[in-house]
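Subject: Structure handover

Hi,

I'm passing a structure on to you today, along with some notes on what turned up in it. Please have a look at it before you read on.

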Amino acid sequence: MLQARDVRVEVGGVTLVDGVSFTVRARDKVGLVGRNGAGKTSLLKVLGGGADAGRGIVHIKGGLGYLPQDPRLDGVPDDLTALNHVLSGRGFDEAAARIEKLRIRIEEDPSDRNIEKFSRAEEQFRMDGGYAAESEVRRLAAGVGLDDDRLDLPLGALSGGQRRRVELVRILFAGSDVLLLDEPTNHLDSDAKGWMLEFLRSYQGALLVISHDLDLLDEAITRVMHLDRGADGATGTMVEYKGTYSQYLAQRDRDEARQAKLAAAQAKEIDRLQTIVDRFGAKATKASMAHSLEKRIARLQTDAPDSPQARRVLKLRLPEPPHSGRTVLEVQDLAKSYVGLDVFEDVTFDVGRGDRLLIMGLNGAGKTSLLRILAGVTDVTLGDVSWGMGTSFGYYAQEHEGIRSGVSLVEHMAEASAGLGERELRSLLGMFGLIGDKVFQDAATLSGGEKTKLALAQLVGGRHNVLLLDEPTNNLDPMSRTAVAEALGSWPGTIVLVSHDAEFVERLAPDRVLLMPDGTIDHWSDDMLDLVALA
């Protein structure tokens, strides 16, 4: 069970929510929703023990499994294998190490005492399920789409998406009584997502989940908590709704319509009373009545219902790209390998000015590795990458590796947009809904959706004519996803894209598809849309 009482969440001196109280019991499946930047991730971090509450009490009964949005925050050594990290979720890594030490001690001194210690430890390990643990881990890993061989690699050798799936497997393996999951289906393909939804539907513990995955919200939850926070300096409130996400949306629309009517009626009454005060306030014989009406107006203003916050709709205007040569990119006989792992080889293709190239392939096929090579982030093992004349590329990394702790949004923008003044930089950030004092906030404290918007704003400010995009709609709410898709869809520059978002891909209308790891080029057809989520 999870219980929050009078909880306040503060980030960067701003109170995001205050006085929040709720309970999530066993078999409760609760979706935490709200706009990007409302404070959902910050609240979940407090509930999961990743940050301190400004005030209030968080009580968790039983074991806790907390999946943060950023898998790099867990502080686990990079040289630890993925398998051992998962096994540590139930302490089997330490138990196995202790048994091995006792075995070595027997070899050095086969005394009855040492043999008895080893036997007791080994029997306890067997009774706890230690010998069956590895097969259980590999079954869970297969469920979330993590290739079996990745479990034997050190965590530092895994991509951000793979690392996140390892964290998810560790949490599921631990058998927690309370699950706090921040975007659990990010980086999962269609099969893995279906497996995850089935797991959450049958989960018997207390579940609180943040997700922009409408399938998950409609199929796996039975209650919605809406974090309603308008302006970035405002303090949010929590409103609960029973039912699925679709039922919540319908109820929310009715509530907002009713609240808007009440607010309008209240405002009309205040205007009527103010007109009387303005008319008679100057007359000595009416001064007492006017003063009484002013008090009534003040009470009405204090007790006035909040008008529903207008939904923020991004209106993105991407600048015309600088001119480039007819051939933008040529890739010849490209190969990428790690120790004990060949990712892909003999990949050859070219990209022309204005082309839209979609890179498709199953998890582990090398899509992200290829984009990182094109962006110059990762060294190539074999082959050549040649950029054409007049090209300027911008790279969007799905794990936001370029967003650094201790650096403000404006400073990030200044680095990506040479020659622009602060006013212009703030205008670009404002186009993505990042406004006010938030632009001076430490970028590392942003929500996942806000980091996505900052990274996209950096691309716009860089005035590039080629965009390398790796899952650019991850963490965006539906309205923001639509706005980004529409802006990129009408942009005449060159795009090389990796995405599991079929609706987004459809709006961008790719010209060609590069199928990885074979490197096969094919012309795009809408018939391929069904494969986008799978690949």
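Before the details, one thing to keep in mind: this is a predicted model.

Let me begin with strand 10, which covers residues 327-338. Strand 10 runs antiparallel to strand 13, and 5 bridges join the two. If you want a place to look at this pairing, A335 sits opposite L382 of strand 13. The sheet they belong to is an open one of 3 strands, in the order 11-10-13, with antiparallel pairing. Strand 11 (341-352) and strand 13 (382-387) are at the edges with a single partner strand each, so each has one side without a neighbour in the sheet. On average, neighbouring strands here are turned by 15° against each other, ignoring direction.

Next, strand 6, which spans residues 178-182. Of its 5 residues, 5 are buried, so the strand is largely enclosed by the rest of the structure. As a reminder, in a regular strand the side chains alternate between the two faces of the sheet. Strand 6 is covered on both faces: V178, L180 and D182 are buried on one side, and L179 and L181 are buried on the other.

Strand 6 also has parallel partners. Strand 5 (residues 64-67) runs parallel to strand 6 and is joined to it by 4 bridges, with L67 standing opposite L181. Strand 7 (residues 206-210) is likewise parallel to strand 6, this time through 5 bridges, and here L180 faces L208. To get from strand 6 to strand 7, the chain passes through helix 7 (residues 190-202), making a right-handed β-α-β crossover.

Now to the charged side chains. Side chains of opposite charge can pair when their charged atoms come close. The search of the whole structure gave 24 salt bridges, and a few of them are worth opening in your viewer.

Helix 3 (residues 92-108) holds R103 and E100, which are 3 residues apart, about one turn of the helix. Their side chains meet in a salt bridge, at 2.6 Å from N to O. R103 also forms a salt bridge with E107, where the closest N and O atoms are 2.5 Å apart. E107 and R103 are 4 residues apart in helix 3, again about one helical turn. As for solvent, R103 counts as partly exposed because its relative accessibility is 33%, and E100 is partly exposed too, at 36%. E107 is exposed, with a relative accessible area of 57%.

Which residue pairs with K438 in a salt bridge? The partner is E450, and the N to O distance is 3.0 Å. K438 lies in the loop between helix 13 (422-431) and helix 14 (448-461), while E450 is in helix 14, so the pair ties together parts that are 12 residues apart in sequence. K438 and E450 are both buried.

Finally, there is a network of salt bridges that links D6, R8, E10, D18 and R55. I'd suggest displaying D6, R8, E10, D18 and R55 together when you look at this network.

That's it from my side for now. I hope the notes help you find your way around, and do write back if anything is unclear.

Best wishes

Methods:
Residues numbered from 1 in each chain as written. Predicted model: local features only at pLDDT ≥ 70, side-chain atom pairs only at ≥ 80, totals over all residues. Heavy atoms only, no water. Pairing = 2+ DSSP bridges. Axes fitted to C-alpha atoms, helices over the stretch in contact; angles between N-to-C directions. Salt bridge = Lys/Arg side-chain N within 4 Å of Asp/Glu carboxyl O. Buried < 20%, exposed > 50% of the residue type's maximum accessible area, 1.4 Å probe, protein only. Right-handed = clockwise from strand over helix to strand, strands pointing away.
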